[in-house]
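Here is a brief report on the ligand shells and one helix of this model. Please look at the structure first.

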Amino acid sequence: MARRERFPIVRARRWVQVAFLVVVVAIGAQFTHWALALLAGRQPALGRPGGVEGFLPISALMSLRLWLAGDGVHPIHPAGLAILLGVVAMSLVLAKSFCSHVCPVGLLSEWLGRLGQRLLGSNLAVPRWLDWPLRALKFLLLGFFVWATWVVMDLPGTRAFLDSPYNKVADVKMLLFFAEPSRLTIAVLGVLVVGSIFVRDLWCRYLCPYGALVGLLGRFAPLKVTRDQATCTDCAKCTKVCPARLPVHRLVRVASVECTSCQDCVAACPIKDCLAVRPPRWASSRVVRPIRAVALAALVWVAVAGAFRVSGHWRSEIGQDEFARRLQEIDSPLYTHVGGLAASESPTPPELRSSHAPR
Ligand code: SF4
Ligand code: SF4
Ligand code: SF4
């Protein structure tokens, strides 16, 4: 049977990943320029990029809660909610595809893993008895964040947090945190980077709560990698290349929460259409061509983010003047978790309150 074309599948996903990485780097550079200028008391030449709110997942999770409760789009970090909903949507279409197509950390993790393969010949295989409990860690972390933001906090508390001075400058706080890292931060990042060279996807596989969320959502995705048992030769080439270490050659439909829909297994399969992304059998027997699956995953995310932009829900309601004033006083206790929340709950001067009054 015909040997399938390998390069277009692998390259298409890589191009999408690199394109998103370039966008993220550009957003980071613009945001850094903007924040440093305001912190120094100057007017920045460029505005604040809304996309930076993609780095505020907790705030986005809380905005999602208010959105589901009927509050509409919270106006402090609306792009954060747009990005989260885009991630949710693409995960519900093509299982966990955010990790293999969009997330820049996923791409860096892949590169570090490849570096390890070149240096050591192969990545270390964590024994099964240790791998399983370690993989559970990311779900525990996700459970903790959901519990802390959706269970412990009531709706008024969520609104108060999102309207707090701390949340309004949370992105700048994060920038300062990484610009002046503590020894502990450097040590943790160092362990993760070096560890990812030895153990492939160390952070993603064991610790990332975002990956746990999209993995769980992916269970509901209609498009999944599916093996045609009739044409399969049991060569196990698919299993050998799977970064999630799944026994693909023994599965019929890959429904694991670890599968990122990367299609590396599809690219490795020597039999045409034996292994492919397919809808559920009851819906259709058609194969979704690898390039189309890649394009679909990226387009779903772009469509959701684009819808927020077009409908005017991308830019924060906080104006440049308010940001300039807040960044000048960012070291005050008002901009800590506790101090900021206390300020939002107590009668504060009108200029420190959000125009988005808690409902
Ligand atoms: S597991 Fe987390 S860090 Fe890794 S690719 Fe997925 S979302 Fe990104
Ligand atoms: S099963 Fe295939 S698509 Fe899923 S992670 Fe493994 S190689 Fe990627
Ligand atoms: S690579 Fe293709 S033919 Fe080989 S075991 Fe996997 S699905 Fe079957």
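How many nonpolar, polar and charged residues does the shell around ligand 2 have? The shell has 10 nonpolar, 3 polar and 1 charged residues. The model is a predicted one.

**Ligand shells**

The table sets out the class make-up of each shell.

| Shell | Nonpolar | Polar | Charged |
|---|---|---|---|
| Ligand 1 | 7 residues | 3 residues | no residues |
| Ligand 2 | 10 residues | 3 residues | 1 residue |
| Ligand 3 | 10 residues | 2 residues | 3 residues |

Start with ligand 1. Its surroundings include Cys99, Cys103, Cys204 and Cys208. Val105, Gly106 and Ser109 are also there, and so are Trp203, Tyr210 and Gly211. Three helices each supply at least two residues of this shell: H5 (104–120), H11 (202–206) and H12 (209–218). H5 gives the largest share, 3 residues. No charged residue belongs to the shell around ligand 1.

Ligand 2 has 14 residues around it. Cys242, Ala244, Cys259, Cys262 and Cys265 come nearest.

Ligand 3 has 15 residues around it. The nearest are Cys232, Cys235, Cys238, His249 and Cys269. Its shell includes 3 charged residues.

**Helix H6**

Turn now to H6, which runs over residues 128–152. Does its length agree or disagree with the expected span? At 1.5 Å a residue, its 25 residues should span 36 Å. The end C-alpha atoms of H6 lie 35 Å apart, so the two values agree. H6 also bends, by about 25° at Val146.

Methods: Residues numbered from 1 in each chain as written. Chains lettered and ligands numbered in written order. Predicted model: local features only at pLDDT ≥ 70, side-chain atom pairs only at ≥ 80, totals over all residues. Near = placed C-beta within 6 Å. Helix = DSSP H or I, 4+ residues; strand = E, 2+ residues; numbered from the N terminus. Nonpolar A, V, L, I, M, F, W, Y, C, P; charged D, E, K, R; others polar. Expected span 1.5 Å × (residues − 1). Bend = angle between axes of the 7 residues up to and from the residue.
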